[in-house]
Amino acid sequence: MAQLQNGILGGPGRSALFLTLSVGPGADAAARVRDVCSAVPALVRSVGHRDESAALSCVVAIGADAWERLVPGGTRPAQLHPFRELADGPRTAPSTPGDLLLHIRAERADFCHELARVIRVKLGDAVGVIDETRAFAYLDSRDLIGFVDGTENPGTEERLQFVIVADEDPEHAGGSYVTTQRYVTDFARWDACKTEEQEAAIGRTKADDIELDDAACPPSAHKARTTITRDGAEQKILRQNRAFGTSSESGTYFIAYARDLSVTEEMLVRMYVADADGVYDRLLDFTTPVSGTNFFAPSLDVLEGLADAPADAPAVATATDSTTPAAEVPSTLGIGDLRGGRGLI
Ligand code: HEM
């Protein structure tokens, strides 16, 4: 049974730090990065222990272009590929590089900073920083556009089912596909809209965060574009978005975890590419992504085994001596398996 990375099914945290890195050329850089990645769970324990109520966590995820270098041997996760750029009319979703993602979360910004600092020192010049975004919960977990974000995420009992790879890709069971996009919002344009128009763009009320009735919810609403079903069943992803920015430029850092990357991708296509009736996601008239990257967050077993992986052998470890409780992936993901299980969140 593969163990999950700590925090992977948790909440977004009051503070988040998203660190997207490139790995330098050469075998030494890759080896150093593998060493540090495998030590991240222990580093989280060391830093986080100073105040357990800070609930520090860090998910490590590996980019499509770096997979073979950082996880030598074996096969890559079945659906891992670079972010697929989208363009339709004025709407574009660029694909940008990223070999490694550290998704650090805590209830205290200083803990996010401290963990990033410690990891960064250990990585040294083996990496370059592509993007570092420090983000925060705005008021009662709202985006800067003023709407609560995350309400319709899968609930505790659904999370394993929608987020964690299982028997469909046994070598990568316990992992999850991660997609990030950094959105910069045009607040002059957004703030010029009446509340009713903003609510129609999202598909929920602004103050109370209640779904609009179907009759009042246009097909261009963000909620309508991102609700997808397959064989009659609604498909979900786990979003952990946070607000970021300065008084000059700000927006939403979008991050989603999914068991099936094609679900996230289908949502993106429905947002960006107008359908036969010319309908696309109205939210995109106000906010623009400046990045787009896919990663795979391996199981804790794979992560902690990276240091021992010779460059020509599979990197999958057989055991972990982690002292931190971690969730386990049952061989099947029936909801019944999750009831009464170990702490997943
Ligand atoms: C600037 C970027 C974005 C902002 C500000 C934003 C904001 C929101 C808000 C306010 C909600 C309603 C509350 C909730 O259920 O969480 C929502 C719902 C949702 N968003 Fe986004 N979102 C963004 C990007 C995306 C992207 C890129 C995707 C998918 C690839 C996505 C997928 C979803 C999904 C699946 C829902 C739940 C729909 C439902 O079941 O009602 N969002 N988003």
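The following exchange asks how the terms applied to this predicted model are justified.

Me: On what footing do the values rest?
Reply: The model is predicted, and local features need pLDDT of at least 70, side-chain atom pairs count only at pLDDT 80 or more, and totals for chains, interfaces and linings use all residues. Residues are numbered from 1 along each chain as its sequence is written, and side-chain values use heavy atoms, with hydrogens and water left out.

Me: How many helices and strands does the protein chain have, and what makes a run of residues one or the other?
Reply: The protein chain has 10 helices and 14 strands. Both are DSSP runs numbered from the N terminus: a helix is H or I with at least four residues, and a strand is E with at least two.

Me: Why is Leu43 called buried?
Reply: Buried means under 20% relative accessible area, exposed over 50%, and partly exposed in between (1.4 Å probe, protein chains only). Leu43 has a relative accessible area of 12%, so Leu43 is buried. Leu43 belongs to helix H1 (residues 27-48).

Me: What does Leu43 touch, and how do you know that these are contacts?
Reply: Contact means heavy atoms within 4.5 Å. Not counting residues up to four places away in sequence, Leu43 touches Leu115, Val118, Ile119 and Lys122.

Me: Why is Thr293 called buried, and where is Thr293 placed?
Reply: The relative accessible area of Thr293 is 6%, and therefore Thr293 is buried. Thr293 is placed in strand E14 (residues 293-297). Leaving aside neighbours within four places in sequence, Thr293 is in contact with residues including Phe83, Thr96, Val178 and Thr180.

Me: What makes the approach of Thr293 to Thr96 a polar contact?
Reply: A polar contact is a pair of N or O atoms within 3.5 Å; within protein, one must be able to donate a hydrogen and the other to accept it, and residues adjacent in sequence count only if both atoms are side-chain atoms. The side chain of Thr293 reaches the backbone oxygen of Thr96 at 3.0 Å.

Me: Why is Ser95 called partly exposed, and what does Ser95 contact?
Reply: Ser95 has 30% relative accessibility and therefore counts as partly exposed. Ser95 lies in the loop between strand E4 (91-93) and strand E5 (100-106). Leaving aside neighbours within four places in sequence, Ser95 is in contact with Phe83, Glu85 and Gly292. A polar atom of the Ser95 side chain lies 2.8 Å from the backbone oxygen of Phe83.

Me: What is notable about phi of Ala55 and Leu139?
Reply: Most residues other than glycine have a negative phi. Phi of Ala55 is near 50°, a positive value in a residue other than glycine, and phi of Leu139 is likewise positive, near 50°. Ala55 is in the loop between H1 and strand E2 (57-63), while Leu139 lies in the loop between strand E6 (127-136) and helix H4 (156-163).

Me: Why is Ala55 called partly exposed, and why is Leu139 called exposed?
Reply: Ala55 is at 46% relative accessibility, so Ala55 counts as partly exposed. Leu139 is at 54% and therefore counts as exposed.

Me: How do you know that the buried residues of H6 are on the same side?
Reply: In helix H6 (residues 195-202), the residues Gln198, Glu199, Ala201 and Ile202 are buried. They cover an arc of only 155° around the axis, so they are on the same side of H6. The arc is that of the directions from the helix axis to the C-beta atoms. Their cover includes helix H5 (187-191) and H7.

Me: Which residues come nearest to the ligand, and what makes a residue near?
Reply: A residue is near a molecule or strand if one of its heavy atoms lies within 4 Å of it. Of the 25 residues around the ligand, Gly150, Thr151, Glu152, His222 and Arg239 come nearest. A backbone N or O atom of Gly150 lies 2.5 Å from an oxygen atom of the ligand, and a polar side-chain atom of Arg239 lies 2.8 Å from an oxygen atom of the ligand.

Me: Which element gives the most to the shell around the ligand?
Reply: H8 gives the most, with 4 residues.
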